[in-house]
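Look over the sequence and the structure below before reading on. The report starts with how the chains are arranged, then turns to single residues and one helix.

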Number of protein chains: 2
Amino acid sequence: MSLIVQKFGGSSVADAESIKRVAKRIVDTRKAGNDVVVAVSAMGDTTDELIDLAHEVTPLPEPREMDMLLSSGERISMSLLAMAIKSMGYEARSFTGMQAGMITDAHHGAARIVDVTPVRIREALDDGAIAIVAGFQGFNVDTAEITTLGRGGSDTTAVALAAALGADVCEIYTDVDGIYTMDPRVVPLARKIDVITAEEMLELAASGAKVLYIRAVEFARRHGVTLRVRSSFNSNEGTLVINPKEGDTVEQPIVTGIATDLSEAKITIVGIPDVPGKAAQIFKIVAKTDANVDMIVQNVSAAATGLTDISFTLPKEQAQIVLQALRSEQEDVGFTALQHDDQIGKLALVGAGMRANSGVSAKLFEALYDNGINIDMISTSEIRISVVTRADTLEKAARAVHTAFGLDAESVAIVHAGTGR
Amino acid sequence: MSLIVQKFGGSSVADAESIKRVAKRIVDTRKAGNDVVVAVSAMGDTTDELIDLAHEVTPLPEPREMDMLLSSGERISMSLLAMAIKSMGYEARSFTGMQAGMITDAHHGAARIVDVTPVRIREALDDGAIAIVAGFQGFNVDTAEITTLGRGGSDTTAVALAAALGADVCEIYTDVDGIYTMDPRVVPLARKIDVITAEEMLELAASGAKVLYIRAVEFARRHGVTLRVRSSFNSNEGTLVINPKEGDTVEQPIVTGIATDLSEAKITIVGIPDVPGKAAQIFKIVAKTDANVDMIVQNVSAAATGLTDISFTLPKEQAQIVLQALRSEQEDVGFTALQHDDQIGKLALVGAGMRANSGVSAKLFEALYDNGINIDMISTSEIRISVVTRADTLEKAARAVHTAFGLDAESVAIVHAGTGR
């Protein structure tokens with residue numbers, strides 16, 4: 001008998017019919033002889049609708065009250081799900097974040113889990129019941145207040161429960177069949193990945209892959225939780241996200257997957273005096289704006305002028321405030337101009353096998369060159385190579401690289417249309 | 001400085017605009033120098049919508065999960081209300097039933113309040129904040145489960161808080177101007193009552209008046225809480241519901257108000273052997289069906305036959321099951337026939353002054369006789385006289401009696417159209 005944690009997102013429980021379908025899926029897992037704990041999100045767009053309602057009442061809702069408001073969403077979905085399971089003849093009990101022992105810090109709206117004490121969950125399991133837990137929400141002990149975990153919080157709830165309960169696997173149900181070598185909406189010949197390491201998954205998620213939230217994968221990696229990403233619309237095996245221990249001889253492909261990202265802009269600071277400390281000075285200014293800087297590239301200084309350029313990428317919507325901050329310090333830093341480019345695309349190649357293989361960059365650059373695609377920036381980690389190209393050549397680049405690294409499937413992927421959240 | 005508890009029902013907080021209007025009303029009370037605690041219902045029809053959703057999922061929702069589901073409604077309204085107040089520059093904190101210390105028995109769906117420990121409410125007041133409490137919900141300590149109080153539960157929440165906090169007054173905001181001598185939709189010349197005793201209010205509510213729930217008035221009477229029923233759409237004084245102590249010389253009108261009720265049916269058991277124990281036998285059968293018997297009348301036995309008839313009234317929807325129960329025991333009881341009449345109307349005259357005044361019945365019967373209205377049944381309590389007439393003469397009867405007892409106002413009442421809940 002295994003202990004399985006299952007997470008169902010909002011689109012899986014959007015209405016009464018979906019809730020009944022999910023209940024059947026849970027009951028099937030129970031019938032197969034497993035203990036089951038479920039983390040569930042609010043129904044459909046409930047959370048967004050509640051946020052809209054709050055903004056109708058006041059432009060700046062109080063974070064504590066916002067958490068009180070938003071945490072009502074999962075109470076609705078979890079109680080309905082428990083009712084549906086009970087009506088199928090199986091015992092089920094729903095639990096709020098607090099009842100489930102999801103203890104967080106006091107940071108309303110983006111609380112971090114500091115401990116999980118799932119006493120009532122264990123009791124429910126001991127009684128033979130299926131435990132349904134409200135995703136996305138927790139409880140701060142010092143303030144006795146209800147908190148929420150922020151976007152993707154339900155994935156984190158599921159992984160944290162799996163870690164605390166020592167579950168055999170944490171299944172993340174979504175509306176796609178698993179993790180793909182590349183978003184099938186961009187590259188139709190994308191292949192579903194059977195097994196991926198959490199490390200690779202993290203790099204893909206950080207590079208724009210949307211199926212899993214970085215935070216949940218990080219949590220899973222840190223606590224050694226095995227994830228399975230699978231569709232709530234069929235019984236396919238999905239993708240297993242594993243945490244190989246050091247010394248495990250897992251055969252790792254050179255390239256496991258590719259992610260693309262059109263959400264970033266590039267800022268270039270032109271004509272910076274090439275003296276020590278300038279980069280630190282610049283990124284201290286940027287850091288003050290709370291911008292999430294991604295790639296940074298510094299050109300080699302032209303010896304004749306003693307000036308250099310620095311480019312970096314960041315989320316498009318953060319560009320204006322950073323430009324403004326830099327402009328106000330232009331005299332002090334001493335650069336000559338600022339350039340802003342929001343028509344860039346980022347492509348990332350991820351594979352744990354890169355560690356042991358050289359020549360990956362060369363092959364990547366060649367594939368792009370052969371297809372007439374210019375590279376604007378390059379950045380690498382141990383298991384990832386990212387390049388920035390023009391936005392309008394990104395899809396072509398992705399298809400070319402997907403083929404060049406032998407990732408193409410023999411037939412076009414059939415995936416359920418949806419948001420992939 | 002007074003401590004005022006205010007209760008706002010679903011129709012008062014139906015949307016963002018209404019919530020802002022209610023917030024302003026609360027802030028005005030605070031500005032006037034009072035401490036304010038608010039009990040609030042779920043927005044508009046939220047509770048009914050959640051019940052419908054549950055029935056889409058399963059025909060017999062588990063009561064524990066139903067409470068988990070329904071208790072989400074007030075979390076939404078209370079947090080939005082707290083946000084709205086804060087946006088007006090006043091401190092406000094919302095509290096769930098549990099956080100407010102609303103301790104109940106474990107009876108899901110119709111829990112009774114067993115204790116109120118409003119520690120966090122007092123803290124909030126001490127900090128100068130307005131406390132917003134979820135109506136309708138509580139918490140059972142033994143099971144650590146969330147409960148709901150049943151229909152009208154938010155009124156009960158407000159009264160229980162007022163009692164526990166020793167509030168000066170508990171204001172029940174509704175969509176009518178207060179308690180009327182008679183439903184103004186039936187008798188346009190109905191007059192708003194300025195002061196009524198809780199005892200009279202109870203008799204009116206039990207006789208069909210819809211403005212306050214019996215349970216909340218009972219609670220207020222038992223704990224000596226003064227209620228004020230007033231409109232959330234204007235600043236009129238409304239109706240004060242008081243608890244005069246014995247010996248208080250309150251001048252009490254002979255008739256304070258009139259209630260009518262079309263929701264009952266009459267069952268007559270014909271030809272019952274007039275021997276001791278028959279009535280007990282019959283009402284034991286009726287009690288087993290859980291029917292709510294209201295008036296009972298037994299005819300004088302006709303000496304010649306040794307047979308008698310018994311009539312009683314009960315809610316229309318309970319008539320069939322009671323008839324069935326009686327039929328199945330016909331042989332044993334020995335009656336000759338059953339009659340069922342669902343075209344009856346009940347009219348009740350209520351007034352604490354009846355205690356000290358005779359001749360009220362005579363005046364009532366005369367007024368009805370003068371208007372050609374037949375009386376079918378009569379029942380009296382210390383401060384009430386009820387009669388059953390034909391349903392189609394009930395409104396005429398109400399107007400005639402209203403005039404006869406000098407209750408008519410000089411002009412037609414202007415009341416806000418609405419449900420009066």
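## How the copies meet

Why do the copies meet through the same surface? Of the interface residues of chain A, 100% are also interface residues in chain B, so the surface used by the copies is the same. This is a predicted model, in which local features need pLDDT of at least 70, side-chain atom pairs count only at pLDDT 80 or more, and totals for chains, interfaces and linings use all residues. Residues are numbered from 1 along each chain as its sequence is written, chains are lettered from A and ligands numbered from 1 in the order in which they are written, and side-chain values use heavy atoms, with hydrogens and water left out.

Chain A is superposed on chain B by a rotation of 180° with 0.0 Å of shift along its axis, at an RMSD of 0.1 Å (a least-squares fit on the C-alpha atoms of residues with pLDDT of at least 70 in both copies). The two copies are thus related as by a two-fold rotation axis. In chain A, the C-alpha nearest the axis belongs to A:S72, at 2.5 Å from it.

## Extent of the interface

In chain A, 41 residues are in contact with 41 residues of chain B, where contact means heavy atoms within 4.5 Å. About 3,200 Å² is buried between chain A and chain B, and carbon and sulfur atoms give 63% of this area. Buried area is the accessible area (1.4 Å probe) that two parts lose on being put together, summed over both. A:V57, A:R75 and A:M83 lose the most area to chain B within chain A, together 22% of what that side buries.

## Bonds and elements at the interface

The rule finds 4 salt bridges across the interface of chain A and chain B (a side-chain nitrogen of Lys or Arg within 4 Å of a carboxyl oxygen of Asp or Glu). A salt bridge joins the side chains of A:E145 and B:R120, at 2.9 Å from N to O. Across this interface there are also 12 residue pairs in polar contact, both residues at pLDDT 80 or more. A polar contact is a pair of N or O atoms within 3.5 Å; within protein, one must be able to donate a hydrogen and the other to accept it, and residues adjacent in sequence count only if both atoms are side-chain atoms.

Among the elements of chain A that each supply at least two residues to the side touching chain B are α1 (16–31), α4 (72–87) and β8 (145–148). The most comes from α4(A), with 11 residues. Helices (H or I, at least four residues) and strands (E, at least two) are DSSP runs, numbered from the N terminus.

## Two buried residues of chain A

A:S94 lies in strand β3 of chain A. This residue is buried, with a relative accessible area of 0%; buried means under 20% relative accessible area, exposed over 50%, and partly exposed in between (1.4 Å probe, protein chains only). The side chains of A:S94 and B:E65 are joined by a polar contact of 2.5 Å. Leaving aside neighbours within four places in sequence, the contacts of A:S94 include A:M78, A:I132, B:R64 and B:M68.

A:V27 is in helix α1 of chain A and counts as buried, at 3% relative accessibility. Not counting residues up to four places away in sequence, A:V27 touches A:I85, A:M88 and A:Y90.

## Helix α8 of chain B

In helix α8 (residues 214–223) of chain B, the buried residues include B:R215, B:V217 and B:F219. The buried residues of α8(B) pack against β5 (113–116), α6 (153–165), α7 (198–206) and β11 (227–231) of chain B. Just after α8(B), B:G224 has a positive phi of about 65°.
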